[in-house]
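The report below describes a single protein chain for a reader who will want the criteria behind each statement. The sequence and the structure come first, and the description follows.

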Amino acid sequence: MDIDAWVWWLIGAVGLGIPLVLTAMPEFGMLSVGAVAGAVTAALGFGIVPQVLVFVVVSVALIAVVRPIAARHRDGRPGLATGIDALRGRQAVVLERVDGGGGRIKLAGEVWSARALDTGQSFEPGEQVDVVEIDGATAVVM
């Protein structure tokens with residue numbers, strides 16, 4: 001029983017797809033697509049050299065083009081801020097006069113102790129302030 005070359009390419013594509021699923025390395029998927037392109041080339045009746053060339057060109061092209069795009073999307077995604085990191089940059093309402101020595105604000109539905117970033121500056125009750133940072137249990141505002 002003689003198996004056609006395109007069948008071997010499809011077997012190779014499936015074989016490259018298995019590590020893709022097991023390791024989540026997208027490069028295996030790109031090589032698998034290259035093997036499918038090799039199978040199409042074989043099914044069209046081209047010889048082994050064009051089949052291998054198509055496999056290599058498609059695989060390398062996908063790796064060269066898709067990997068940088070995927071890395072850019074992965075790295076460009078903003079991280080999810082939690083805890084005190086999520087409070088930085090938010091606005092709060094002054095409950096008790098806030099100056100360099102202290103005061104109270106309402107931040108994210110909770111009452112926080114606060115102090116002004118600039119020690120000479122003060123904020124009166126009802127004013128909106130921006131949280132610059134959280135220092136322990138004290139919000140530093142401006």
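Two strands are said to pair if DSSP finds at least two bridges between them, and the elements themselves are DSSP runs, with helices (H or I) of at least four residues and strands (E) of at least two, numbered from the N terminus. The model is predicted, so that local features need pLDDT of at least 70 and side-chain atom pairs count only at pLDDT 80 or more, whereas totals for chains, interfaces and linings use all residues. Residues are numbered from 1 along each chain as its sequence is written, and side-chain values use heavy atoms, with hydrogens and water left out.

## The barrel

Five strands make a closed barrel in the order β1-β2-β3-β5-β4, with mixed pairing. From one strand to the next the twist averages 50°, where axes are lines fitted to C-alpha atoms (for helices over the stretch in contact) and angles run from 0 to 180 degrees between N-to-C directions. Strands of a sheet pair through backbone hydrogen bonds, either parallel or antiparallel. The pairings below each carry one example of bridge partners.

| Strand pair | Sense and bridges | Residues opposite each other |
|---|---|---|
| β1 (residues 91-99) and β4 (residues 128-135) | antiparallel, three bridges | Q91 and D130 |
| β2 (residues 102-107) and β3 (residues 110-116) | antiparallel, four bridges | R104 and S113 |
| β3 and β5 (residues 138-141) | parallel, four bridges | A114 and A139 |
| β4 and β5 | antiparallel, four bridges | V131 and V141 |

V141 of β5 therefore has a place in two of these pairings, since V141 stands opposite V131 and is also the bridge partner of A116, with the pairing of strands resting on at least two bridges found by DSSP. Strands β2 and β3 form a hairpin with two residues between them, and A108 in the turn has a positive phi of about 55°. The hairpin of β4 and β5 likewise has two residues between the strands, and there G136 takes a positive phi near 70°.

For residues 85-141, UniProt lists "domain: NfeD-like C-terminal" in an unreviewed entry. UniProt positions are given in the numbering used here, feature names are shortened, and annotations may be inferred rather than shown by experiment. In the model, the span 85-141 is 0% helix and 60% strand, with its end C-alpha atoms 14 Å apart.

## The helices

The same kind of record, an unreviewed UniProt entry, gives "transmembrane region" for residues 6-22 and 52-70. Residues 6-22 are 100% helix and 0% strand, with end C-alpha atoms 25 Å apart; residues 52-70 are also 100% helix and 0% strand, and their end C-alpha atoms lie 26 Å apart.

Helix α2 (residues 26-43) can be checked against ideal geometry, the expected span being 1.5 Å times one less than the number of residues. Its 18 residues should span 26 Å, which agrees with the 26 Å between its end C-alpha atoms. Buried residues of α2 include G29, M30, S32 and G34, where buried means under 20% relative accessible area, exposed over 50% and partly exposed in between (1.4 Å probe, protein chains only). Just after α2, G45 takes a positive phi of about 95°.

In helix α3 (residues 48-76) lies S59, which is buried at a relative accessible area of 2%. Beyond its neighbours within four places in sequence, S59 is in contact (heavy atoms within 4.5 Å) with M30, L31 and G34. A70 also lies in helix α3, but at 41% relative accessibility A70 counts as partly exposed. The C-alpha atoms of A70 and A13, which are 57 residues apart along the chain, are separated by 22 Å.

## The aromatic pair

Which aromatic pair does a search of the whole structure find? The search finds one, formed by W9 and F55, which is tilted, at 5.4 Å centre to centre with 40° between the planes. W9 lies in helix α1 (residues 5-23) and F55 in helix α3, so the pair ties together parts that are 46 residues apart in sequence. The criterion is that rings of Phe, Tyr and Trp (its six-membered ring) pair if their centres lie within 6.5 Å, with planes under 30 degrees apart counted as stacked, over 60 as edge-to-face and the rest as tilted. W9 is buried, with a relative accessible area of 15%.
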